[in-house]
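Work through the exercises below with the structure in view. Try each task before reading its solution.

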Amino acid sequence: MGTCVLLIVLAWNVVRFWSTTAAVVMSLVAAVIPPVAVVVANLGALAGPTAREDRDPSRRTRGINPPPDLRARSGEPGPSDASLRDPGDSR
């Protein structure tokens, strides 16, 4: 941001006395820098998980994997397989 402000200040307070075209070009460059910086900064956010994150489960974000069933660890009886089946299923 400081570079953009410096370009504009120099363009219209110093450079315009020698070349108005150069001052306009400097202003255009100063106007293009912030949008280009935003695009470059957001490229990583659009790429998705990297191969390393796919292989390493500790790097995955929370909420993707369902939490483990706590009843299975505590020894409490959980729902039986029969209660989870579709009533129309003939297995």
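**Exercise 1.** Which six residues make up the largest nonpolar core?

Solution. The model is a predicted one. Step one is to list the members: Cys 4, Leu 7, Ala 11, Ala 23, Met 26 and Ala 30 form the largest nonpolar core. Step two is to place them on the chain. At least two residues of this core come from helix H1 (2-13), and at least two from helix H2 (20-47). Step three looks at one member in detail. Once its neighbours within four places in sequence are set aside, Ala 30 has contacts with Cys 4, Leu 7 and Ile 8. A general tendency fits here: in soluble globular proteins, nonpolar side chains tend to be buried together.

**Exercise 2.** Find the helices and strands of the protein chain, and state how much of the chain is buried.

Solution. Start with the count: the protein chain has five helices and zero strands. Read from the N terminus, the order of elements is therefore α-α-α-α-α. Next comes burial: of the 91 residues, 8% count as buried. Last comes the surface. The chain exposes about 7,900 Å², and 63% of this is supplied by carbon and sulfur atoms.

**Exercise 3.** Is Ser 27 buried or exposed, and what does its side chain meet?

Solution. First locate the residue: Ser 27 is part of helix H2. Its relative accessible area is 17%. Buried means under 20%, so Ser 27 is buried. Now look for partners. Leaving out residues up to four places away in sequence, Ser 27 touches Ala 11 and Trp 12. With Trp 12 there is also a polar contact between the two side chains, at 2.6 Å.

**Exercise 4.** Which residues form a nonpolar patch on the surface, and how is Leu 10 classed?

Solution. The patch consists of Leu 6, Leu 10, Val 14, Phe 17 and Trp 18. Together these residues have about 580 Å² of accessible area. Leu 10 belongs to helix H1. Its relative accessible area is 35%. This value lies between the limits of 20% and 50%, so Leu 10 is partly exposed.

**Exercise 5.** Where does Met 1 lie, and what separates its C-alpha atom from that of Ala 37?

Solution. Met 1 sits in the segment before H1. Its relative accessibility is 75%; exposed means over 50%, so Met 1 counts as exposed. Along the chain, Met 1 and Ala 37 are 36 residues apart. In space, their C-alpha atoms are separated by 10.0 Å.

Technical notes
Residues are numbered from 1 along each chain as its sequence is written. This is a predicted model: local features need pLDDT of at least 70, side-chain atom pairs count only at pLDDT 80 or more; totals for chains, interfaces and linings use all residues. Side-chain values use heavy atoms; hydrogens and water are left out. A nonpolar core is a set of buried Ala, Val, Leu, Ile, Met, Phe, Trp, Tyr and Cys residues joined through side-chain atoms within 4.5 Å. Buried means under 20% relative accessible area, exposed over 50%, partly exposed in between (1.4 Å probe, protein chains only). Helices (H or I, at least four residues) and strands (E, at least two) are DSSP runs, numbered from the N terminus. Contact means heavy atoms within 4.5 Å. Patches are made of residues with over 30% relative accessible area and no salt bridge: like charges are joined within 9 Å, nonpolar side chains (Val, Leu, Ile, Met, Phe, Trp, Tyr) within 5 Å. Accessible areas come from the Shrake-Rupley method with a 1.4 Å probe; for residues, only the protein chains shown count as cover. A salt bridge is a side-chain nitrogen of Lys or Arg within 4 Å of a carboxyl oxygen of Asp or Glu. A polar contact is a pair of N or O atoms within 3.5 Å; within protein, one must be able to donate a hydrogen and the other to accept it, and residues adjacent in sequence count only if both atoms are side-chain atoms.
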